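Biologist: I am new to this structure. Please go through its features and give the grounds for each label.

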Amino acid sequence: MPSSAERRWVALAAALALGAVLAFGAPAAPLDWQPALAWREPWRAWTAPFVHYSTLHLVANVVGTALVAALGWFARVPATTTLAWLVAWPLTQFGLLARPDLLHYGGLSGVLHAATACVGWQLAVHARGQRRAIGVLVLVGLAGKVASESPWGAPLREPAGWDIATAPFAHATGLVAGLVAAALCDALAYQRRDAATRTGDAA
């Protein structure tokens with residue numbers, strides 16, 4: 001029987017996918033990430049993942065969201081991992097401020113990299129045995145993928161078989177945002193547990 005924590009993870013994935021489907025075909029300009037408008041219109045850090053520039057772009061990311069949902073489900077992620085993914089959602093886009101030459105960005109791929117990093121962190125740090133090994137492999141594989149894309153190179157690439165340009169740097173910011181958010185949520189959870197223990201001892 002799935003726990004409420006696992007259901008929350010899947011619900012967040014479903015909300016992201018549904019948002020992308022509903023936003024498809026809407027004008028991108030009011031929603032996508034634009035570094036020049038980052039502080040004046042900060043909502044773009046949340047809405048940019050819903051923007052997709054072609055049907056293939058949307059389908060690929062919706063399928064990716066389903067895979068990430070399954071990864072968290074089978075990894076039995078706790079509520080803190082879902083919270084970390086939620087925190088990493090806008091952080092992924094704010095990380096793009098390091099590439100002001102990326103004038104527009106939209107799509108779920110950065111946030112999906114963040115989610116994968118959150119799951120990898122949870123397994124590598126908190127699991128044991130084979131599950132911990134899987135977490136380490138997820139993180140190593142994700143880092144290798146991001147590095148192979150040379151995110152510090154040109155802001156946009158045109159890979160074969162795609163009808164849009166891709167932004168590898170968004171995959172890098174997703175990876176970093178996921179790890180930072182997961183570590184932060186772990187630290188906050190530890191502080192809460194420590195405070196509760198001290199309160200219990202004092203009583």
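**Labels and their grounds**

Modeller: I begin with V63, which counts as partly exposed because its relative accessibility is 40% or above, namely 44%; buried means under 20% relative accessible area, exposed means over 50%, and partly exposed lies in between, with a 1.4 Å probe and protein chains only. Correction: the "40% or above" I just gave is not a cut-off; V63 is partly exposed because its 44% lies between the 20% and 50% limits.

Biologist: Where is V63, and what makes its surroundings a nonpolar patch?

Modeller: V63 is found in helix α3; helices (H or I, at least four residues) and strands (E, at least two) are DSSP runs, numbered from the N terminus. V59, V63 and L67 make a nonpolar surface patch of about 270 Å². Patch residues have over 30% relative accessible area and no salt bridge; nonpolar side chains (Val, Leu, Ile, Met, Phe, Trp, Tyr) are joined within 5 Å, and like charges within 9 Å. Accessible areas come from the Shrake-Rupley method with a 1.4 Å probe, and for residues only the protein chains shown count as cover.

Biologist: What kind of model is this, and how are residues numbered?

Modeller: The model is predicted: local features need pLDDT of at least 70, side-chain atom pairs count only at pLDDT 80 or more, and totals for chains, interfaces and linings use all residues. Residues are numbered from 1 along each chain as its sequence is written, and side-chain values use heavy atoms, with hydrogens and water left out.

Biologist: Why is the contact of R44 and D32 called a salt bridge?

Modeller: A salt bridge is a side-chain nitrogen of Lys or Arg within 4 Å of a carboxyl oxygen of Asp or Glu. For R44 and D32 the N to O distance is 3.4 Å, so the pair meets that limit. This pair links distant parts of the chain, twelve residues apart: R44 is in helix α2 (residues 44–47), and D32 is in the loop between α1 (4–23) and α2. D32, E41 and R44 are linked in a network of salt bridges.

Biologist: How do you know whether R44 is buried or exposed?

Modeller: R44 has a relative accessible area of 4%, so R44 is buried. D32 is buried too, because its relative accessibility is 2%.

Biologist: How many salt bridges does the structure hold?

Modeller: The structure holds four salt bridges. Among them, D101 and R99 meet at 2.8 Å, N to O. D101 counts as partly exposed because its relative accessibility is 40%, whereas R99 is buried at 8%. Another is formed by E149 with K145, where the closest N and O atoms are 2.6 Å apart. K145 is partly exposed, with a relative accessible area of 33%.

Biologist: What puts R99 over the face of F169?

Modeller: R99 is at 5.8 Å from the ring centre of F169. A charge sits over a ring if NZ of Lys or CZ of Arg is within 6 Å of the ring centre and within 35 degrees of the ring normal.

Biologist: How do you know that C118 is in no disulfide?

Modeller: A disulfide is a pair of cysteine sulfur atoms within 2.5 Å. A search of the whole structure finds zero disulfides. For C118 the nearest cysteine sulfur is that of C185, 7.7 Å away, so the pair falls outside the limit. C118 is buried, with a relative accessible area of 2%, and C185 is buried at 4%.

Biologist: Why is the pair of W39 and F94 called stacked?

Modeller: Rings of Phe, Tyr and Trp (its six-membered ring) pair if their centres lie within 6.5 Å; planes under 30 degrees apart count as stacked, over 60 as edge-to-face and the rest as tilted. The structure holds five aromatic pairs. In W39 and F94 the centres are 5.4 Å apart and the planes are at 20°, so this pair is stacked. The pair links distant parts of the chain, 55 residues apart: W39 is in the loop between α1 and α2, and F94 is in helix α4 (residues 79–94). W39 is exposed, with a relative accessible area of 67%. Ring pairs link W33, W39 and F94 into a cluster.

Biologist: What makes the pair of F50 and W89 edge-to-face?

Modeller: The ring centres of F50 and W89 are 5.8 Å apart and the planes are at 85°, so the pair is edge-to-face. F50 lies in the loop between α2 and α3 (55–75) and W89 in helix α4, so the pair ties together parts 39 residues apart in sequence. Both F50 and W89 are buried.
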